[in-house]
Amino acid sequence: MRIKIKTKVSSTKERVKEGFTRDLFMSLNPPFPPVKLLKFDGCGTGDKVALELNFLLFKQKWISDITEAYEDEKSWYFVDQGSRLPFFLKKWRHHHGVEKAGSGSIIIDEITFSTGTVLTDALMYPLLYGQFLYRKPIYKRKFSG
């Protein structure tokens with residue numbers, strides 16, 4: 001399944017790129033499940049991000065590899081691809097994009113995921129969609145000019 005959420009912010013593409021840090025990453029996580037950041041190399045090709053998700057009764061590791069990164073005058077993006085996923089996910093690809101838009105930018109979260117079945121994809125979709133909607137006000141606050 002695919003989720004795409006766009007957030008218009010008043011900061012430049014360059015400022016948004018500079019702001020994609022460990023601190024921003026942690027602030028984008030919703031309250032549940034609590035996330036422990038095990039590793040954050042950055043947003044460049046070859047970097048890794050490792051998390052531990054705490055579902056209270058059990059914990060799951062999530063490791064993503066940054067498989068692509070690109071920048072030109074108008075845009076910047078990087079892609080994280082899940083290499084070790086929680087049991088409920090079989091595939092994960094998250095394209096983080098930033099495009100110039102007038103004096104500001106548009107942040108684009110584009111996620112492609114699979115749980116392994118169409119039924120569980122449909123059940124997971126609203127949960128994941130909500131987790132990425134949670135990011136919109138954080139992006140707006142962080143990149144407000």
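In this predicted model, the largest pocket comes out at a volume of about 660 Å³. Its lining takes in 32 residues, and those closest to the centre are Asn29, Leu51, Trp62, Gln131 and Phe132. Quite a few elements chip in: two helices, H2 (22–27) and H3 (118–133), along with strands S2 (35–40), S3 (48–54), S4 (59–71), S5 (75–84) and S6 (91–101), each give two or more residues to this lining. Helix H3 gives the most, with five residues. As for chemistry, the lining of the largest pocket is made up of 23 nonpolar residues, seven polar ones and two charged ones.

Next come the aromatic rings. Searching the whole structure turns up 15 aromatic pairs. One of them joins phenylalanine 20 and phenylalanine 78 in an edge-to-face arrangement, with 5.9 Å from centre to centre and 80° between the planes. Phenylalanine 20 sits in the loop between helix H1 (13–19) and H2, while phenylalanine 78 belongs to strand S5, so this pair ties together parts of the chain that are 58 residues apart in sequence. Both phenylalanine 20 and phenylalanine 78 are buried.

Phenylalanine 20 has another ring partner in phenylalanine 143, and here the pair is stacked, at 6.5 Å centre to centre and with 10° between the planes. This one also links distant parts of the chain: phenylalanine 20 in the loop between H1 and H2, and phenylalanine 143 in the segment after helix H4 (135–142), 123 residues apart. Phenylalanine 20 has a relative accessibility of 12%; that is under the 20% cut-off, so the residue counts as buried. Phenylalanine 143 is buried too, with a relative accessible area of 1%. Put together, ring pairs connect Phe20, Trp76, Phe78, Tyr139 and Phe143 into a cluster.

A charged side chain also turns up out of the solvent's reach in helix H1, where lysine 13 lies: lysine 13 has a relative accessible area of 2% and is buried. The side chain of lysine 13 makes a polar contact of 2.8 Å with the side chain of glutamate 71. Setting aside neighbours within four places in sequence, lysine 13 is in contact with Glu71, Asp72, Glu73, Lys74, Ser75 and Trp76, and also with Val98, Lys100 and Ser105.

Serine 10 is found in the loop between strand S1 (2–9) and H1. With a relative accessibility of 42%, serine 10 counts as partly exposed. Serine 10 and serine 105 are 95 residues apart in sequence, yet their C-alpha atoms are 6.3 Å apart in space. There is also a link from serine 10 to serine 144: a polar atom of the serine 10 side chain lies 3.4 Å from the backbone oxygen of serine 144.

The backbone has a couple of features worth a look. Most residues other than glycine have a negative phi, and most peptide bonds are trans. Against that background, the peptide bond from phenylalanine 32 to proline 33 is cis, with omega near -5°. Proline 33 has its place in the loop between H2 and S2. Leucine 56, a residue other than glycine, has a positive phi, near 70°. Leucine 56 lies in the loop between S3 and S4, and its relative accessibility of 68% is over the 50% cut-off, so leucine 56 counts as exposed.

Two further residues round out the picture. Alanine 122 lies in helix H3 and is partly exposed, with a relative accessible area of 44%. In sequence, alanine 122 is 121 residues apart from methionine 1, but in space the two are 8.0 Å apart, C-alpha to C-alpha. Lysine 36 lies in strand S2, ten residues apart from methionine 26 in sequence and 8.6 Å apart in space, C-alpha to C-alpha. Not counting residues up to four places away in sequence, lysine 36 touches Ala50, Leu51 and Glu52. Of these, Leu51 also appears among the residues closest to the centre of the largest pocket.

Conventions
Residues numbered from 1 in each chain as written. Heavy atoms only, no water. 1 Å grid on protein atoms, 1.4 Å probe; cavity = no way out; pocket = protein on both sides within 12 Å on 5 of 7 lines; lining within 4 Å. Points joined across faces, edges and corners; volume = space filled by probe spheres on them. Helix = DSSP H or I, 4+ residues; strand = E, 2+ residues; numbered from the N terminus. Nonpolar A, V, L, I, M, F, W, Y, C, P; charged D, E, K, R; others polar. Phe/Tyr/Trp six-rings, centres within 6.5 Å; stacked < 30°, edge-to-face > 60°. Buried < 20%, exposed > 50% of the residue type's maximum accessible area, 1.4 Å probe, protein only. Polar contact = N/O pair within 3.5 Å; in protein donor to acceptor, adjacent residues only side chain to side chain. Contact = heavy atoms within 4.5 Å.
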